[in-house]
Amino acid sequence: MKIIILLISISVVVAIVFLVAFLWAMKSGQYEDTYGPSVRMLFDDNVKKDENKTEK
Amino acid sequence: MQTTLPKKPVAEKTYCYHCGDECLFEPILAHEKHFCCEGCKTVYELLQDNGLCDYYELEQTPGLSLKQPKSSEAYEFLNEEVISKKLIDFTDGKTTKVTFYIPAIHCSSCLWLLENLPRLESSVISSRVNFVKKELTIAFQQDNVSLRKIVELLASIGYAPLITLEDEAKEQKKTSSPNRKLYAQLGVAGFCFGNIMLLSFPEYLGFDGDEEYLKKFVGYLNFLLALPVVFYSAQDYFVSAFKSLRKKFVNIDVPISLGIAALFLRSTYEVFLGGEAGYFDSLAGLLFFLLIGKWFQSKSYDHLSFERNYTSYFPLAVLKWVDGATRNIPVSDIKKGDILLIRNKELIPADGILISPSASVDYSFVTGESDPVKRTQNDLLYAGGRQQGASIKVLIEKNVSQSYLTQLWNHSSFVKENEEQYQQLINVIARYFTMAVMVLATGAFIFWWQQSPTLAVNAFTAVLIVACPCALALATPFTLGNTMVMMGKAGLFLKNTHIIEKMATINRLVFDKTGTLTYAKDGDVTLGGRYSDDELQAIFSVTSHSTHPLSRKLHELLSQRFTQKLPVDKFKEIENKGIEAAVNGKEYRIGSPSFCFEEARVSTTEGNVVYLAIDGITRGHFSIRTKTRSGLKQVIQKLAASFKTTLLSGDRSTEQTLMKEVFPEETPMYFNQTPEMKLEYVATCQASGEKVMMLGDGLNDAGALQKADVGMAISEDVASFSPASDAILDAGSFEKLPTFLLFSRRARQIIFICFGVSFAYNIVGLSFAMTGMLTPLLAAILMPVSSISIVALSTVLVRLVAGRLKLT
């Protein structure tokens with residue numbers, strides 16, 4: 001049954017990794033704007049530059 | 001937004017390609033698209049030239065109406081270093097970073113366009129939108145482009161940033177950091193709570209004799225997990241308790257801190273020396289639930305907080321006349337002897353003497369009277385007035401801090417009891433509660449000391465642990481927070497939750513008439529007859545010269561369509577009749593029926609009717625209506641049944657008979673009231689022991705709103721808040737006023753119920769603790785259960801009551 005000490009320790013360490021991940025996500029501002037990134041990733045990077053030129 | 005809806009002379013409804021508004025007049029055709037105004041068309045062309053037409057593909061008609069463009073000098077103040085410094089986040093001499101609060105951000109097209117700003121202005125290095133906060137952060141090369149240019153560019157595409165002295169974006173930034181800390185504290189507490197609970201399971205189920213090592217291991221692990229909870233998550237409670245003790249004042253955080261400290265110290269002792277499991281699970285759970293309560297509280301505050309900041313009423317910068325040229329200076333820099341140029345519709349920021357030949361000042365902000373006052377050279381102009389018409393020059397007589405409006409504002413009787421002095425129910429209870437707990441704990445300690453010192457220490461700490469008023473602390477914020485949210489949904493916005501407690505004690509209601517019971521400024525304007533574009537533009541130009549409220553109304557309506565004024569000759573305003581002028585060789589007359597060669601056909605009971613004649617031929621009329629609020633009589637009758645009522649009006653007593661019908665006979669009514677008189681009346685009522693709620697429309701009764709126990713502003717448009725008020729009632733929810741007042745009383749009762757339940761928990765817990773029978777298991781169950789049940793109870797009760805009162 002002594003193995004349980006190791007197992008508990010590992011599980012706590014894994015849990016701490018997730019806690020740190022949460023704290024990092026929060027510090028880096030990922031919860032500040034929950035709408036923007038979902039739309040931003042869908043925008044085209046190259047907006048019709050050619051169209052612009054033909055019109056001029 | 002314009003509240004006036006004219007009848008459309010256009011037969012078919014057309015919608016603007018840019019902003020999606022209905023085109024009220026002949027739409028402008030360009031690039032095979034319809035636009036409602038020149039502003040919208042210009043934005044479209046600007047975007048098209050830069051290949052940014054994707055803007056229109058992401059969302060339908062994403063644009064913002066530009067019907068009322070700002071004058072080109074509107075942002076001149078940004079050239080002033082004093083002002084721009086306040087706005088800039090960061091600068092290294094080359095690159096400057098600035099964050100704007102842009103209320104207009106509303107869809108993904110906005111986000112896309114604003115983030116493509118570098119394509120419109122090459123000196124902009126990057127721009128980033130925070131959609132939720134409606135903020136735009138821009139980095140630009142300051143050598144190539146000025147801050148003003150950036151703001152003007154934003155304004156020209158319809159995203160004018162909101163800039164005030166107390167910049168709102170800056171305020172939000174300040175509040176965001178403690179919020180982040182709270183989330184981190186909550187996260188840590190939740191993490192530790194979950195793990196400690198899991199690790200405590202074996203303890204509750206019982207260990208076998210040979211598993212002593214496991215028990216020790218779990219104990220140490222729990223201790224390690226509890227450390228961040230106590231030293232990080234519980235930090236704020238200790239700090240707050242320490243601060244309040246230093247001020248010789250006991251707040252609710254004192255017993256909480258005491259309980260946390262006792263719980264931690266005793267558990268540590270038990271784990272390391274006593275060989276028991278301790279109460280770490282209760283400790284972490286306690287903190288977790290307390291922080292959830294705090295988070296909920298700050299969340300509801302965030303939603304509905306607004307600043308009581310009068311500086312936002314004045315234009316940020318004013319034009320100062322120096323050596324024949326104008327310079328922008330911030331309002332706070334105005335000094336006696338300065339000469340200021342006040343343009344059309346600008347507020348006079350300080351008392352001064354008129355230098356220009358004549359001025360026409362609208363004091364509706366101060367007196368409630370909407371008719372403008374004529375002033376001639378050398379007359380004294382009071383601050384708070386609004387110039388109507390051509391620009392005037394004013395020699396400032398007093399510094400801003402002394403001027404009329406600030407005087408009114410800073411009047412000593414104006415300052416409401418400080419929030420700290422104001423004894424919140426919870427703090428009063430906390431004081432006695434803490435004392436009682438200390439007495440009980442000491443009593444138990446002394447009682448058990450003779451029998452067994454160990455038992456005495458146990459009982460002492462157990463009393464502190466179990467009496468920790470977590471349920472008590474949660475009852476108020478949850479009940480009031482829920483109530484505030486429910487009220488917000490129904491159209492009443494509160495400054496903070498204390499207002500609910502104050503509302504519950506009100507026994508006199510004082511009403512302002514103008515803008516509160518009647519729509520003063522707001523009437524329907526109906527365009528009767530057909531006119532050509534040229535004629536409408538001529539009317540627009542003519543009315544711009546008149547300060548008569550009806551011409552203004554008409555002008556306002558037409559300014560949606562036109563920006564260019566035509567030259568106007570022979571302008572003449574004849575009192576009680578109307579105005580006459582010549583435009584493009586045609587003679588225009590706008591005014592009373594006889595003045596415009598017309599028999600009065602439209603009945604005048606509907607409100608005011610203005611006729612129009614061109615070259616001596618009647619062409620049509622405009623009717624402008626004023627109304628009383630819907631359901632006014634029923635609301636007043638309901639309120640009069642349980643409250644004393646008073647009517648105070650800044651207007652002349654013309655509507656007295658109408659008001660007599662609405663109010664019960666014994667209601668005192670006062671007319672021609674100045675703001676000071678209103679304030680004095682409220683003060684008199686308060687002196688005789690009454691709790692007064694003042695209902696007004698904003699600045700002209702600002703003093704009374706501030707002085708009253710609860711100052712409620714009634715607003716057509718919730719965005720235009722009154723800084724003096726404690727609460728803002730959406731005009732559409734006026735009929736619910738009696739319900740709101742009843743709801744606030746119910747909320748108070750709900751708090752008492754929750755207190756009762758929470759006390760019952762405490763009595764049960766205390767009785768166990770006093771007799772030295774408190775086990776870790778019992779404490780662990782009792783505390784979270786009491787907290788959760790209080791939260792659930794208050795939420796359910798508030799929703800139940802709101803449903804009963806038909807608020808939702």
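**Exercise 1. Place Pro675(B) in the fold: find its helix, and decide whether it is buried or exposed.**

Step 1. Pro675(B) belongs to helix 21 of chain B, which covers residues 675-687. Helices here are DSSP runs of H or I with at least four residues, strands are runs of E with at least two, and both are numbered from the N terminus.

Step 2. Pro675(B) has 25 C-beta neighbours inside 10 Å, so it counts as buried. The cut-offs are 20 or more other C-beta atoms within 10 Å of its own for buried, 12 or fewer for exposed, and partly exposed in between, with C-beta atoms placed from the backbone.

Step 3. Look also at Ala704(B): its C-alpha atom is separated by 7.1 Å from that of Pro675(B), although the two are 29 residues apart along the chain.

A word on the model before going on. It is predicted, so local features need pLDDT of at least 70 and side-chain atom pairs count only at pLDDT 80 or more, while totals for chains, interfaces and linings use all residues. Residues are numbered from 1 along each chain as its sequence is written, with chains lettered from A and ligands numbered from 1 in the order in which they are written.

**Exercise 2. Work out how helix 8 and helix 10 of chain B cross.**

Step 1. Start with the axes of helix 8 (residues 212-233) and helix 10 (residues 253-274) of chain B: they come within 10 Å and cross at roughly 160°. Axes are lines fitted to C-alpha atoms, for helices over the stretch in contact, and angles run from 0 to 180 degrees between N-to-C directions.

Step 2. Because of that angle, helix 8 of chain B is roughly antiparallel to helix 10 of chain B. The label applies over 145 degrees; under 35 counts as roughly parallel, 65 to 115 as roughly perpendicular and the rest as oblique.

Step 3. List the residues that meet. Helix 8 of chain B brings Gly219(B), Tyr220(B), Phe223(B), Ala226(B) and Val230(B), and helix 10 of chain B brings Ile260(B), Phe264(B), Thr268(B) and Val271(B). Contact here requires C-beta atoms, placed from the backbone, within 7 Å.

Step 4. Sort this contact by class: seven nonpolar, two polar and no charged residues. Ala, Val, Leu, Ile, Met, Phe, Trp, Tyr, Cys and Pro count as nonpolar, Asp, Glu, Lys and Arg as charged, and the others, Gly among them, as polar.

**Exercise 3. Trace the open sheet of four strands in chain B.**

Step 1. The strand order is 3-4-6-5, with antiparallel pairing. Strands pair if DSSP finds at least two bridges between them.

Step 2. At the edges are strand 3 (88-91) and strand 5 (124-130) of chain B, each pairing on one side only. On average, neighbouring strands of this sheet are turned by 15° against each other, direction ignored.

Step 3. Strand 3 and strand 4 (residues 95-101) of chain B are joined by three bridges. Thr91(B) has Thr96(B) as its bridge partner in strand 4 of chain B.

Step 4. Add helix 4 (residues 108-115) of chain B, which lies across strand 5 and strand 6 (135-141) of chain B and runs at about 160° to strand 5.

**Exercise 4. Describe chain A and the side that touches chain B.**

Step 1. Chain A has three helices and zero strands.

Step 2. The contact takes 22 residues from chain A and 22 residues from chain B. Helix 1 of chain A gives the most to its side, with eight residues.

Step 3. By class, that side of chain A has 13 nonpolar, three polar and six charged residues.

How values were computed:
Two residues are in contact if their C-beta atoms, placed from the backbone, lie within 7 Å.
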